[in-house]
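Here is a short note to help you find your way around this structure. Please keep the model open beside you as you read the points below.

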Amino acid sequence: MRRELGIARCGLACCLCTEHETCSGCDSEGCPDSGWCENRKCSIEKGLLHCYACEQDCKKGLLSKLKPYGFTLFAKRYGVNRLLDCLEENEKRGIVYHREGIYGDYDGFDDVEKLIEFIKSGKRG
């Protein structure tokens, strides 16, 4: 886990990402998605560092997908440090963020509350 990368503006876990090994996060000059990321553009326009800091319950851009929406909702409810702590503990338990391409153990949920419980407990169901 590269905790210093934290959570992306949209809620994705940069700290666990293996997709772009040289990426320094969505606020870096080298962000591979900065040109098209709707959540990055919106949060910058609102003067926010992250979508979880926004008072709106938004599902635009990557927040239309359950994983980033669930991570954002978790951070809104419990704080980003607790999210990072849970992700770090889950990684120690063998939970994998990217198992096949960009899909891993945090994917495949159809209910955001079940995802949030999984983040907290590290146990499915």
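1. Let us begin with one pair of helices: α3 and α4 are roughly perpendicular to each other, a term for angles of 65 to 115 degrees. Their axes cross at roughly 70 degrees and come within 7 Å. The residues in contact (heavy atoms within 4.5 Å) are Arg82, Leu83, Cys86 and Asn90 of α3, together with Phe118, Ile119, Lys120 and Ser121 of α4. By class, this contact has 4 nonpolar, 2 polar and 2 charged residues. Here Ala, Val, Leu, Ile, Met, Phe, Trp, Tyr, Cys and Pro count as nonpolar, Asp, Glu, Lys and Arg as charged, and the others, Gly among them, as polar.

2. A word on the source: this is a predicted model, in which local features need pLDDT of at least 70 and side-chain atom pairs count only at pLDDT 80 or more, while totals for chains, interfaces and linings use all residues. Residues are numbered from 1 along each chain as its sequence is written, and side-chain values use heavy atoms, with hydrogens and water left out.

3. How confident is the prediction? The protein chain averages a pLDDT (the predictor's confidence in each residue, from 0 to 100) of 88, and 88% of the residues score at least 70. Among the elements of the chain, helix α4 (residues 112-121) has the highest mean pLDDT, 97, and α1 the lowest, 90. Helices are DSSP runs (H or I, at least four residues), numbered from the N terminus.

4. Now look at helix α2 (residues 66-78) and helix α3 (residues 80-92), which pack with their axes 7 Å apart at an angle of about 125 degrees. These two are therefore oblique to each other, the word for angles that are not under 35, over 145 or from 65 to 115 degrees. Phe71, Phe74, Ala75 and Tyr78 of α2 meet Val80, Arg82, Leu83, Cys86 and Leu87 of α3. This contact has 8 nonpolar, no polar and 1 charged residues.

5. Which residues of helix α1 (residues 38-45) are buried? They are Asn39, Arg40, Cys42 and Ser43, where buried means under 20% relative accessible area (1.4 Å probe, protein chains only). Seen down the axis of α1, they fall within an arc of 170 degrees, so they line one face of the helix. Just after α1, Gly47 takes a positive phi of about 75 degrees.

6. Finally, visit Arg9, in the segment before α1. Arg9 is buried, with a relative accessible area of 7%. Arg9 and Cys51 are 42 residues apart in sequence, yet 5.5 Å apart in space, C-alpha to C-alpha.

Terms used: Axes fitted to C-alpha atoms, helices over the stretch in contact; angles between N-to-C directions. Buried < 20%, exposed > 50% of the residue type's maximum accessible area, 1.4 Å probe, protein only. Arc of directions from axis to C-beta.
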